[in-house]
Amino acid sequence: MFSRTTIASTTACKRGARGPAAGFPPLTAAFVAIIAALFASAAASGAPLPGRSGSSAKPFSYSGLTRAEAESLRRLELQSEETTAFESVRLLDGAVDPELYRVGPGDAFVLILSGQASATIEVPVGPEGSAVLPDGASVPVNALNLAEAKQRITEASRRVWRSGQVEVLLSRVRAFKAHIGGEVALPGTYAAGAATRASELVESAGGLLDNASRRDLTLRHRDGTSEPADLLLFSRTGRSAANPYLRDGDVLLAPPRREPVMLSGEVYYAGDYEVLPGENLPRLLEVAGGLTSAAVGDSIVIMRFGDDGAQSAEVAREGDDVPVFAGDRVLVRRRPGWHVDERVFVDGEVRFPGIY
């Protein structure tokens with residue numbers, strides 16, 4: 001369905017952002033070793049080094065390497081960038097919510113034992129979605145929320161350590177691949193994590209195209225279920241449910257924009273708005289930022305066009321559960337005489353010119 005895209009594209013703009021103090025990815029040591037060997041070889045032969053000033057300096061080129069050296073260097077570059085990409089998606093936007101976070105392969109827990117025998121033991125979640133305890137027992141935790149997974153691991157651990165206290169904590173969040181298609185600049189496969197939201201995957205793919213929907217995105221999970229993503233509602237209201245977290249192997253689809261509703265009058269963000277199936281007037285007003293203090297909330301006019309082109313008008317209140325449809329025109333009236341600007345500007349041969 002999608003073109004094969006290198007995961008490194010998600011962090012191409014971030015090259016150079018990590019310094020020695022921030023720590024290197026695991027593969028950087030091998031990468032640095034090859035570069036050091038190339039510099040040593042160039043110095044021994046008297047050739048100019050990459051980046052050295054002077055009229056005889058030449059930029060680094062793969063053409064001076066053997067085919068095996070060039071392939072090895074490119075492979076290490078790609079692997080290093082991919083590792084950096086996967087590390088970057090482990091960033092959290094706050095404390096993990098035990099009810100929302102879904103556990104999967106690559107997560108890791110720490111088992112804290114206290115009492116007569118005190119110990120701290122790492123419990124990783126393997127590729128098949130099971131947490132492996134020190135005695136070799138496996139506890140299926142794949143797709144469970146964090147609270148359920150911790151309870152299962154705790155119960156299994158107490159069968160092994162019957163005395164003392166057992167505490168289970170999430171110590172590392174996983175990274176995985178997610179896919180995006182539709183009306184985005186760069187559809188393909190990108191690095192993601194359990195704390196990555198739909199909007200971040202859209203940004204990794206270069207953003208939405210001009211004709212893309214911002215309200216009707218669909219996040220398809222591997223188990224056959226799906227979630228809607230309303231990025232406009234999230235940006236206006238901050239509702240987390242409108243910008244869901246990704247799961248392993250998710251596919252995010254960005255369809256073309258639907259026919260809009262024209263919303264005008266006393267709302268904070270008047271304009272054309274895409275409406276979703278089953279949407280009502282309160283949700284439309286919420287996306288538009290709500291009514292201003294000058295609005296008449298008990299007589300909102302909804303103009304609708306029938307299949308035959310005939311117009312019909314409906315008057316509704318702000319909180320009425322009135323459906324809105326594509327092509328509607330919605331007007332929020334202004335209160336008559338509300339904060340009329342009754343000022344005059346006096347200038348000329350007067351003692352105190354100004355605004356009165």
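1. Of the 356 residues in the protein chain, 36% are buried. The model is a predicted one. The protein chain has six helices and 17 strands. Of its contacts with a separation of 6 or more, 58% are between residues 24 or more positions apart.

2. Helix 3 covers residues 146–158, which makes 13 residues. From the first C-alpha to the last, helix 3 reaches 18 Å, close to the 18 Å expected at 1.5 Å a residue. At the N-terminal end, Asn145 acts as the cap of helix 3. A side-chain oxygen of Asn145 lies 3.2 Å from the backbone nitrogen of Ala147.

3. Which residues of helix 3 are buried? They are Leu146, Ala149, Ile153, Thr154, Ala156 and Ser157. These residues lie on the same side of helix 3, because they cover an arc of only 165° around the axis. Their cover includes strand 1 (108–114), strand 3 (130–132), strand 4 (138–140) and strand 5 (165–172).

4. Ala149 is one of the residues in helix 3. Its relative accessible area is 0%, so Ala149 is buried. Residues up to four places away in sequence aside, Ala149 touches Val103, Phe109, Val141 and Leu144. Ser130 is 19 residues from Ala149 in sequence, and the two C-alpha atoms are 9.9 Å apart in space.

5. Two residues that are not glycine deserve a check of the backbone, as each has a positive phi. Ala143 has phi near 70° and is placed in the loop between strand 4 and helix 3. Ala143 counts as partly exposed because its relative accessibility is 43%.

6. The other of these is His339, with a phi of about 50°. His339 is found in the loop between strand 15 (329–332) and strand 16 (345–346). Is His339 buried or exposed? At 62% relative accessibility, His339 counts as exposed.

7. Asp248 belongs to the loop between helix 5 (231–237) and strand 10 (251–254). A polar contact of 2.9 Å links the side chain of Asp248 to the side chain of Arg174. Arg174 also appears among the residues in contact with Asp248 once neighbours within four places in sequence are left aside; the others are Pro105, Phe176, Lys177 and Arg222.

8. Thr189 is part of strand 7, which runs over residues 188–193. Thr189 counts as buried because its relative accessibility is 16%, under the 20% cut-off. What does the side chain of Thr189 pair with in a polar contact? The partner is the side chain of His179, at 2.9 Å.

9. On aromatic residues, the structure holds zero aromatic pairs. Tyrosine rings do appear beneath arginine side chains. The charged end of Arg197 sits over the ring of Tyr245, 4.1 Å from the ring centre. Likewise, Arg236 has its charged end over the ring of Tyr269, with 4.1 Å to the centre of that ring.

Terms used: Residues numbered from 1 in each chain as written. Predicted model: local features only at pLDDT ≥ 70, side-chain atom pairs only at ≥ 80, totals over all residues. Heavy atoms only, no water. Helix = DSSP H or I, 4+ residues; strand = E, 2+ residues; numbered from the N terminus. Expected span 1.5 Å × (residues − 1). Buried < 20%, exposed > 50% of the residue type's maximum accessible area, 1.4 Å probe, protein only. Arc of directions from axis to C-beta. Contact = heavy atoms within 4.5 Å. Polar contact = N/O pair within 3.5 Å; in protein donor to acceptor, adjacent residues only side chain to side chain. Phe/Tyr/Trp six-rings, centres within 6.5 Å; stacked < 30°, edge-to-face > 60°. Lys NZ or Arg CZ within 6 Å of the ring centre and 35° of its normal.
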